[in-house]
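Biologist: Please choose a single part of this model and take me through it slowly, with each term explained as it comes up. I am in my first year, so I would rather have one connected account than a list.

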Amino acid sequence: EVGLPAVQAAGVAAEAAAILAAPELRRFFAGPGLAWADNEVPIVVDGEPARIDRLVAIDEPAGRTWWVLDYKLEAAPEQRASSRAQLAGYVRALRALQTADRVCGAFIAAGARLVPLEA
């Protein structure tokens, strides 16, 4: 659909399947606590339009938690200052909108790895 060469498309499909199958990530895609979820969610960060890769609300015993999820194909996106700053901006903007709820951010990195943003 997006015009990737077959070899690249197969790799992307395999990575997507690994993400959906990863036990640590399942709650962001299905399950009883999943209250709301969407992809490519528009948001304004510091006056500039942006898009959150995946935004999820999970109802937990302590209340609702919003997860701002940023897909990165690299193995260690948390090591790049620009990636951390981008995700932190998304979290900050959502916290201003969801003041009664907890808001967390995390990268979903290569190898279907969840990398929480350090607060």
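Modeller: What follows looks closely at one helix, and then at the strands beside it.

This is a predicted model, in which local features need pLDDT of at least 70 and side-chain atom pairs count only at pLDDT 80 or more, whereas totals for chains, interfaces and linings use all residues. Residues are numbered from 1 along each chain as its sequence is written, and side-chain values use heavy atoms, with hydrogens and water left out.

To set the scene, the protein chain has two helices and five strands, and along the sequence they follow the pattern α-β-β-β-α-β-β. Here a helix is a DSSP run of H or I with at least four residues, a strand is a run of E with at least two, and both are numbered from the N terminus. The C-alpha atoms fill a box of roughly 45 × 35 × 25 Å along the principal axes. The radius of gyration of the protein chain is 15 Å, which agrees with the value near 14 Å that a compact globule of 119 residues would have; the radius is taken over C-alpha atoms, and the globule rule is 2.2 Å times the number of residues to the power 0.38.

The part I have chosen is helix α2, which covers residues 81–97 and so has 17 residues. From its first C-alpha to its last it reaches 25 Å, close to the 24 Å expected at 1.5 Å a residue, where the expected span is 1.5 Å times one less than the number of residues. Its buried residues are Ser83, Leu87, Gly89, Tyr90, Val91, Ala93 and Leu94. Buried means under 20% relative accessible area, exposed means over 50%, and partly exposed lies in between, with a 1.4 Å probe and protein chains only. In the protein chain as a whole, 34% of the 119 residues count as buried.

Against what do these buried residues of α2 pack? They pack against four strands, namely β1 (34–45), β2 (48–60), β3 (63–71) and β4 (102–109), and a contact here means heavy atoms within 4.5 Å. In soluble globular proteins, nonpolar side chains tend to be buried together. A nonpolar core is a set of buried Ala, Val, Leu, Ile, Met, Phe, Trp, Tyr and Cys residues joined through side-chain atoms within 4.5 Å. In the largest such core, which has 17 residues, Ile43, Ile52, Leu55, Val68, Tyr90 and Leu94 touch the most other members. β1, β2, β3, α2 and β4 each supply at least two residues of this core, and α2 gives the most, with five residues. Apart from this core lies another, of 13 residues, among them Ala22, Phe28, Val56 and Leu114.

Leu55 shows how the helix and strands come together: leaving aside neighbours within four places in sequence, Leu55 is in contact with residues that include Trp36, Val41, Trp67, Val68 and, from the helix, Leu94.

The strands that the helix packs against are themselves joined, and two strands are said to pair if DSSP finds at least two bridges between them. β1 and β2 pair in the antiparallel sense over 10 bridges, with Ile43 partnered by Ala50 in β2. These two strands form a hairpin with two residues between them, and Asp46 in the turn has a positive phi of about 50°. β2 and β3 are also antiparallel, over seven bridges, and form a hairpin with two residues between them; in this pair Arg54 stands opposite Leu69 in β3.

Leu69 is buried, with a relative accessible area of 0%. Beyond its neighbours within four places in sequence, Leu69 is in contact with residues including Phe28, Val56, Ala106 and Leu114.

The remaining strand of the four, β4, is joined by four bridges to the antiparallel strand β5 (residues 113–116), where Ala106 has Pro116 as its bridge partner. β4 and β5 form a hairpin with three residues between them, and Gly111 in the turn has a positive phi of about 80°. Ala112, in the loop between β4 and β5, has a positive phi near 55° although it is a residue other than glycine, and Ala112 is buried, with a relative accessible area of 11%.
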